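Here is a guided look at one protein model, written for someone meeting it for the first time. Have the sequence and the 3D view open while you read.

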Amino acid sequence: MATIVVGYTDTLEGEAALARAMDEAKLRGAHLEVVHSHKEGRGIDADEILHYNEVMANIDRRLDEAEIDHATHDYIQGQTPAEDIVACARITGAELIVIGLRNRTKTGKYLMGSVAQDVMLNAPCSVLAVRPDDVPA
C-alpha cells in the first residue's frame, strides 16, 4: 500500500493540506501519515500540548469516518517541523508529501526560515504544496 505524509498545523493552510491529502489517499488507496511537529527551540507549554492532543484526536476521528487507513503523530522531539515531516516520509517510504503554503514576507522567511522550502529541498519523494484557496470549501 502506498503512503502519503501530510504536515499538519491547526491553521487554514494545515486544513487545506489535510483535505488534499485525504483526497489523494482516497484516490490512490493509500495509507495516510499525519504529522504535527512542535517547533524546535521554543518552550512548549502544557496548554499547547493539550490543544494538539484534542486536534489530533479530532483528525483521527475524521479519518476513521472517511475510512482512510492512517496514523497520526504529534512530535516533540527537538527537530524542526520540516525534519520531522521528511523523516516520517523516509521511514514510511512515502510516495508523496502534502504541505500547506502561506504567503510570507522576505524578512519573515529570512528570520524564521521556511518549512515548505526545507521539505521540498530535502524530501525523498514528490511534494504537493497547496494553499487554502486551492481546496474547494
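What follows goes from the overall layout to the sheet, then to a helix and a few single residues.

**The big picture**

First off, this is a predicted model, so let's start with how confident the predictor is. The mean pLDDT of the protein is 87, and 85% of the residues reach at least 70. Confidence peaks in strand β1 (residues 3-7), with a mean of 98, and is lowest in helix α4 (residues 106-112), with a mean of 51. Where pLDDT is low, the predicted coordinates should not be read in detail.

The protein has five helices and five strands. Walk along the sequence and you meet them in the pattern β-α-β-α-β-α-β-α-α-β. Of the 137 residues, 37% are buried. Among contacts with a separation of 6 or more, 77% link residues that are 24 or more positions apart.

**The sheet**

In what order do the strands of the sheet line up? The five strands make an open, parallel sheet, and the order is β3-β2-β1-β4-β5. At the edges you find β3 (70-75) and β5 (126-130); each has a single partner strand, so one side of each has no neighbour in the sheet. On average, neighbouring strands are turned by 20° against each other, ignoring direction.

Now zoom in on β1. Five bridges join β1 to β2 in a parallel run, with Val5 standing opposite Glu33 in β2. The pairing of β1 with strand β4 (residues 96-100) is parallel too, over three bridges, and there Val6 sits opposite Val98. Helix α2 (residues 46-65) packs on the sheet and touches β2 and β3, with its direction at about 170° to that of β3.

Why is β1 described as largely enclosed by the rest of the structure? Five of its five residues are buried, so that description follows. In a regular strand the side chains alternate between the two faces of the sheet. In β1, both faces are covered: Thr3, Val5 and Gly7 are buried on one side, and Ile4 and Val6 are buried on the other.

**Two histidines in β2**

Strand β2 (residues 31-37) is home to His31, and His36 is found in β2 as well. His31 is buried, with a relative accessible area of 14%. Setting aside neighbours within four places in sequence, the contacts of His31 include Met1, Ala2, Asp69 and His70.

His36 counts as buried at 3% relative accessibility. Leaving out neighbours within four places in sequence again, the residues in contact with His36 include Tyr8, Tyr52, Met56 and His73. The C-alpha atoms of His36 and Asp84 are 8.3 Å apart, although 48 residues separate the two along the chain.

**Helix α3 and what lies around it**

Helix α3 (residues 81-92) has 12 residues, and at 1.5 Å a residue the helix should span 16 Å. Its end C-alpha atoms are 17 Å apart, which agrees. Which residues of α3 are buried? They are Pro81, Ala82, Asp84, Ile85, Val86, Cys88 and Ala89. Their cover includes β1, β2, β3, β4 and α5 (115-122). Just after α3 comes Gly93, with a positive phi of about 65°.

**The cysteines**

How many disulfides does the structure hold? Zero. The sulfur of Cys88 has its closest cysteine sulfur 10.0 Å away, in Cys125, and that is too far for a bond. A disulfide has to have its two sulfur atoms within 2.5 Å. Both cysteines are buried, Cys88 at 3% relative accessibility and Cys125 at 18%.

**One loop residue**

Most residues other than glycine have a negative phi, and most peptide bonds are trans. Glu67 has a positive phi instead, near 55°. You can find Glu67 in the loop between α2 and β3. Is Glu67 buried or exposed? Glu67 is exposed, with a relative accessible area of 72%.

To wrap up, here are the accessibility values of the single residues discussed above.

| Residue | Relative accessible area | State |
|---|---|---|
| His31 | 14% | buried |
| His36 | 3% | buried |
| Cys88 | 3% | buried |
| Cys125 | 18% | buried |
| Glu67 | 72% | exposed |

Definitions and conventions:
Residues are numbered from 1 along each chain as its sequence is written. This is a predicted model: local features need pLDDT of at least 70, side-chain atom pairs count only at pLDDT 80 or more; totals for chains, interfaces and linings use all residues. Side-chain values use heavy atoms; hydrogens and water are left out. pLDDT is the predictor's confidence in each residue, from 0 to 100. Helices (H or I, at least four residues) and strands (E, at least two) are DSSP runs, numbered from the N terminus. Buried means under 20% relative accessible area, exposed over 50%, partly exposed in between (1.4 Å probe, protein chains only). Contact means heavy atoms within 4.5 Å. Two strands pair if DSSP finds at least two bridges between them. Axes are lines fitted to C-alpha atoms, for helices over the stretch in contact, and angles run from 0 to 180 degrees between N-to-C directions. The expected span of a helix is 1.5 Å times one less than its number of residues.
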